[in-house]
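The exercises below are meant to be worked with the sequence and the structure side by side. Try each task before reading its solution.

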Amino acid sequence: MHIRGWRAVSGPVVLGIESSCDETGAGIVRDGELLAHVVASSMEEHARFGGVVPEIAARAHLHSFNPVVRQALDQAGLRLSQIDAVAVTTGPGLSGALQVGLAGAKTLAYAAGVPLYGVHHLAGHVAADALEHGPLPRPCVVLIVSGGHTSLLLVRDLVREPILHLGDTLDDAAGECFDKVARILGLPYPGGPAIDRAARDGDPKAVTFPRPLTRPGDDPYAFSFSGLKTAAARWAEKHRQLGQEPPVADGAAALQEAVADVLTRKALAACRDHDVRTLIVVGGVAANSRVRALAERRCASAGIELRVPPLTLCTDNGAMIAAVGDLLVRSGAEPAPLNVSVDPSAPLEYASLTPLPAPPVTVSA
């Protein structure tokens with residue numbers, strides 16, 4: 001990833017804010033170029049609880065918001081008065097965390113006298129790749145894999161057309177599976193990086209874990225990782241019933257292989273079935289070394305171009321939200337209304353997300 005210095009060009013400067021979970025991110029983008037990228041994570045505060053605690057996350061955003069924005073402006077060599085638009089994640093995510101980001105973004109937009117754009121968090125992950133590799137090919141297949149989401153998408157124009165879901169997870173997401181199995185194996189939170197590290201010393205063939213929804217007749221694009229998680233738990237339990245600790249490295253390697261196999265197998269099938277020549281893999285699990293390696297090998301064999309953002313743009317960040325905002329501004333999209341709210345469970349239909357508060361409930365006498 002290359003952060004380019006400020007240049008006197010005519011394109012709008014967009015500040016992006018991300019606060020959907022445990023990272024407070026601010027990024028600045030102009031004409032598809034990344035000018036600044038700053039993230040403050042509260043992950044260490046959540047690690048002792050084995051997962052993200054919403055109240056802790058919201059408080060961490062309150063503490064980090066102003067310093068992160070100031071650092072981003074300093075990194076870009078800009079003042080707030082030189083920002084042309086503000087983009088902010090309005091869903092999905094933790095309600096309290098989203099509210100902190102939206103309140104801060106509204107304040108910045110008002111202070112600078114510029115429009116505000118609401119952005120869908122997952123569209124941000126898709127746009128993150130464009131910051132490194134340039135405009136998204138039209139069409140492209142996008143595999144989103146993170147702690148809360150696993151989806152296969154067909155994307156034509158990210159900000160002008162609906163995003164077509166080819167398949168989604170029916171239960172646990174891939175990252176959620178990693179987190180839960182890591183806890184079973186006694187590995188620290190977050191589970192994805194811990195599984196990846198442990199797998200380096202393991203044999204992926206030592207344990208035969210299932211490949212969910214890959215049999216003939218199964219939905220070719222749907223995902224399900226709950227059964228895989230259960231299989232790993234039973235494998236570990238059998239060892240402990242015999243008075244043995246499970247071989248963690250082998251279990252981690254075998255689990256990682258199963259997840260990578262399912263993800264890449266279905267993603268390549270989607271490219272083939274829809275005659276698409278570019279696969280983009282994004283989200284936190286896109287940082288997994290085996291997912292990357294197997295995707296590279298299978299795409300090369302199939303003649304498919306593979307695009308994966310750099311590791312720093314795979315996890316949640318403000319740069320990816322700024323990237324969507326930049327596209328929305330340049331496409332002439334309408335800004336969000338002043339009373340834009342958040343939607344913690346928003347489905348991904350469009351990159352722009354501007355939910356409004358529910359009307360007050362009136363009770364008749």
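## Exercise 1: a covered helix

Task: in this predicted model, find which residues of helix 4 are buried.

Solution. Going along helix 4, the buried residues are His 121, Leu 122, Ala 123, Gly 124, His 125, Val 126, Ala 127, Ala 128, Asp 129 and Leu 131. To put this in proportion, helix 4 covers residues 121-133, and 10 of its 13 residues are buried, so that the helix is mostly covered. As a last step, look just past the end of the helix, where Gly 134 follows with a positive phi, near 90°.

## Exercise 2: the chain as a whole

Task: describe the overall build of the chain, beginning with how many helices and strands it has.

Solution. The count comes to 11 helices and 10 strands. The radius of gyration is 21 Å, close to the 21 Å that the globule rule gives for 365 residues, so the chain is as compact as a globular protein of that length. Along its principal axes, the C-alpha trace spans about 65 × 55 × 50 Å. Turning to burial, 53% of the 365 residues count as buried, while the accessible surface comes to about 15900 Å², of which carbon and sulfur atoms hold 53%. Next, consider the contacts with a separation of 6 or more: residues 24 or more positions apart account for 73% of them. Finally, the chain carries 32 positive and 38 negative charges, and the mean positions of these two sets are 3 Å apart.

## Exercise 3: the nonpolar cores

Task: work out which element gives the most residues to the largest nonpolar core, and which residues Phe 209 contacts beyond its sequence neighbours.

Solution. Begin with the members of the core, which has 50 residues; those touching the most other members are Leu 143, Leu 152, Phe 209, Phe 225, Leu 255, Leu 263 and Leu 279. Then ask which elements supply at least two residues each: among them are strand 6 (140-145), strand 7 (150-155), helix 5 (174-184), helix 7 (226-241) and strand 9 (278-282). Helix 8 gives the most, with 13 residues. For Phe 209, once neighbours within four places in sequence are set aside, the contacts are Leu 228, Ala 231, Ala 232, Trp 235, Gly 251, Ala 254, Leu 255 and Ala 258. There is also a second, separate core of 34 residues, which includes Ala 85, Ala 87, Leu 153 and Leu 348.

## Exercise 4: backbone exceptions

Task: locate the cis peptide bond before Pro 92 and the one before Pro 139, and then place Asp 31 and Leu 213, each of which has a positive phi.

Solution. As background, most residues other than glycine have a negative phi, and most peptide bonds are trans. The bond from Gly 91 to Pro 92 is cis, with omega near -10°, and Pro 92 belongs to the loop between strand 4 (85-91) and helix 3 (95-112). The bond from Arg 138 to Pro 139 is likewise cis, with omega near 0°, and Pro 139 sits in the loop between helix 4 and strand 6.

For the positive phi values, take Asp 31 in the loop between strand 2 (23-30) and strand 3 (33-41), where phi is near 50°; its relative accessibility of 35% makes Asp 31 partly exposed. Leu 213, in the loop between helix 6 and helix 7, has phi near 55°, and with a relative accessible area of 22% Leu 213 is also partly exposed.

## Exercise 5: two residues outside the helices

Task: decide whether Pro 309 is buried or exposed, do the same for Ser 341, and list the contacts of Pro 309 and of Ser 341.

Solution. The cut-off needed here is that buried means under 20% relative accessible area. Pro 309, in the loop between strand 10 (305-307) and helix 10 (311-314), has a value of 1% and is therefore buried. Leaving out residues up to four places away in sequence, Pro 309 touches Ala 128, Asp 129, His 133, Val 281, Val 282, Arg 292 and Cys 314. The C-alpha atoms of Pro 309 and Gly 134 are separated by 11 Å, although these positions lie 175 residues apart along the chain.

Ser 341 lies in the segment after helix 11 (318-331), and its 16% relative accessibility counts as buried. Beyond its neighbours within four places in sequence, Ser 341 contacts Thr 90, Leu 102, Pro 355, Leu 356 and Pro 357.

Conventions:
Residues numbered from 1 in each chain as written. Predicted model: local features only at pLDDT ≥ 70, side-chain atom pairs only at ≥ 80, totals over all residues. Heavy atoms only, no water. Helix = DSSP H or I, 4+ residues; strand = E, 2+ residues; numbered from the N terminus. Rg over C-alpha atoms; globule rule 2.2 N^0.38 Å. Buried < 20%, exposed > 50% of the residue type's maximum accessible area, 1.4 Å probe, protein only. Contact = heavy atoms within 4.5 Å. Areas by Shrake-Rupley, 256 points an atom, 1.4 Å probe, with all protein chains shown as cover. Lys, Arg positive; Asp, Glu negative; His and termini not counted. Charge placed at Lys NZ, Arg CZ, Asp CG, Glu CD. Core = buried A, V, L, I, M, F, W, Y, C linked by side-chain atoms within 4.5 Å.
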